[in-house]
Amino acid sequence: MKNYTSILQYIFIAATSLFVVTGCVHDDKYDQPDLDGYDCADKKGIVVPFADVKAKYQNARYVFPKDETPDNEADDLYMVGYVSSTDETGNIYKTIYVQDALENPTQGFTISVDAVSTYTKYPQGSKVYIKLNGLAIGTYGGLVQLGVETGAETSATSVSRIPEKLVAKQIFRSCAPKGKIVPKIMKLADMTAANDQYFGCLIQVNDVEFDARALCTTYAPNGVTVDKTIGEGWVNGKYAKTAVVRNSGYASFASQLLPSGKGKFVGIYSKFQSGNTTTYQLYVNKAEDLDMKSFPRTDGLLSGPCDFNPGSLTAKTVAEVKQLAAGTTNWVQITGDYYLKAQVVANDETGNLYKYVYVEDATGGIRVNMNKTNLYLDSRFRLGKDVNIKLKNLYVRNVNGEIQLGALFNNNTQFGQIEEAEMYKYFFDSNTAARAVIPTEKTIPQLSMADVGRWIKIKDVEFVDGDLGRTLTDGNSVTNRTLEDCSGNTVALRTSGQASFGTIKPGAYEVKGGKGDVYAILSVFNGTYQLWITKLANIDFDAPRCDGSVYTPIPVVYSDDFAAGGFSADWTTVNKVGPNQFWQTSNQGNGANYYAMMNGNAGGANNNIANEDWLISKEINLAGKTKAAVSFTTDVRYSGNALQVYATDNYTGDVTTTNWTLLPATLDTNSGAFGDWVGSGNVNLNAFLGKNVRIAFKYTSTTSAAATWEVDDFKIKAQ
């Protein structure tokens, strides 16, 4: 026996701490695969109670001593328990949960393993011996768990998964027949720090139900992990206590509808902690563990809401729904027992649409507003699916010329989105496969109000010359670009800065310079038609432009994004007027991203100062070039003079004696907020071809107005 005095406290008595070695063959009762290294074994050694293992974690990772005498099992350290989980359905991933008794456990534990299908070696109810020697104890999301130390851990408190090849050497299944885990009865109200010792145990919560937001939805979208909420009790119109049920999109039951009644929930008890916020979580082992079919529910729902019976309803078309709001700008409530069956032709998958989808039938398309993000993950709103919409009690309204479907909010004083908790009343999965979305082909002159809400295709269009060199979005705001056909007809293309193909600052997605077809939703705003794409592939502009030219983006010959902070020797700062203030770099509000910045405020409210300050680039040689441009992004906050942008080929070293040319650059105009970076586009420098050019930013302020101007992503392009 090793002289490891700190372990002696774990020895209760010799009879309970030393196990008899039992020779046995593979346990075939549970259909276990005959894999080397997974033979059953009843180990001998020193028993370490669950609580004492957890106590080794003291806000820092602890590594148990390695086994220095592998042939002597008597002084090995073991935690002995019963597997409470199963990853057979795929909802639990690379984790084995154990508890210290089959029934009425006093402790549970989480073991992080880099292995899947562990249920074939360690089925639920199996007695297991976890050899602690060489393992490490740490936390993830505030949950204490066993793993290993590899040196790749992201913090001093975390542990890595036990490698698959080591799992069989650290976790041993007993040769005793597996038992039956009897879930520990708990209430959601019991989920407090006083009961954290039960994390990892299989628990049962009675008289609970999934909240209304989850009704008529599936456990999880394909391949995506999501949280659903269960609640118990009802006080003042809300649940007295709630907890999160975390479901994997890889679970075999992911596509099943969640039970919509009240009843028994059985799952693994866990938590996730972020900062000072603790979220109690439950993991379903298998869907059949849930028996939640009773009505009425705690929230008052009397029967299952997810069945759709069109036989009791009157079908309406999109055109007929729109007609209900014709001739008025007020909202109109739908009072008849009607339903609409239509195909989802555009959703929010890329973020360019936000909290709404478009649906379409043979008579037209309409926007449907819902107060929920990531609608595309809901099986009812997948692209190409038919969705059934119960219309009674919904509203239609003409919103700036576009008739939309939605609900009232803010004490029924405003028209807008259907609340997430109400969606189960109106939207029903058709349970049919998605169909291809077929666009309606139009030319720009053919666009009409009947096309608003439809998915359309317009052939042979291009971005206007003024948009070339720009990005689809100017920062995080919605941005207009203009598409033009070869006859000069134009239509606006709108893109949200929150789209996955938008950028917080421009630079990643410069508009395509060729000609081709655009696929988009047609909307309208006060008589002006607008297009909304849902992905970059909806713009297929690879052909030569209308004039036969082939647009090639101008190569960048010099750039500076000020990323390192401070100005390099490439830049000159000049203070001409004011109390010795100069351009500087800042990263405020942008993390590691620095930018050039100037303001004329000396600190304090309205403490503005008259300033004239210049930021001047180094010389860039444009000899031998046939085309040149400068581009950059700007952001402005607070009222004050506009930034001025100049170019020169004869900088004298004195801004007052230099001959400057004012450049017509596009600048940010939203002085009410930071963060809406605006791209300048390609500002023409052809007047300086064959010369050495410098670009200068001139900032001015007065005692009554001093804006803050920021500049980034500076580029000079030439070919």
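1. Why is strand β6 (residues 127–131) largely enclosed by the rest of the structure? Four of the five residues of β6 are buried (under 20% relative accessible area with a 1.4 Å probe, protein chains only), so the strand is largely enclosed. Strands here are DSSP E runs of at least two residues, numbered from the N terminus.

2. A quick caveat: this is a predicted model, where local features need pLDDT of at least 70, side-chain atom pairs count only at pLDDT 80 or more, and totals for chains, interfaces and linings use all residues. Residues are numbered from 1 along each chain as its sequence is written, and side-chain values use heavy atoms, with hydrogens and water left out.

3. Back to β6's neighbours. Strand β3 (residues 77–83) runs antiparallel to β6 and is joined to it by five bridges (pairing takes at least two DSSP bridges); G81 is bridged to V128. Strand β10 (residues 171–173) also pairs with β6 in the antiparallel sense, over three bridges, and Y129 has F172 as its bridge partner.

4. Now the largest pocket. Domain 1 (46–173) and domain 2 (184–294) both contribute lining residues, so the pocket lies between them; the domain bounds come from an automatic or database assignment.

5. The lining has 27 residues, with Y93, T95, Y140, R161 and Y283 nearest the pocket centre. β15 gives the most, three residues.

6. Further out, the C-alpha centres of domain 1 and domain 3 are 50 Å apart.

Key: Buried < 20%, exposed > 50% of the residue type's maximum accessible area, 1.4 Å probe, protein only. 1 Å grid on protein atoms, 1.4 Å probe; cavity = no way out; pocket = protein on both sides within 12 Å on 5 of 7 lines; lining within 4 Å.
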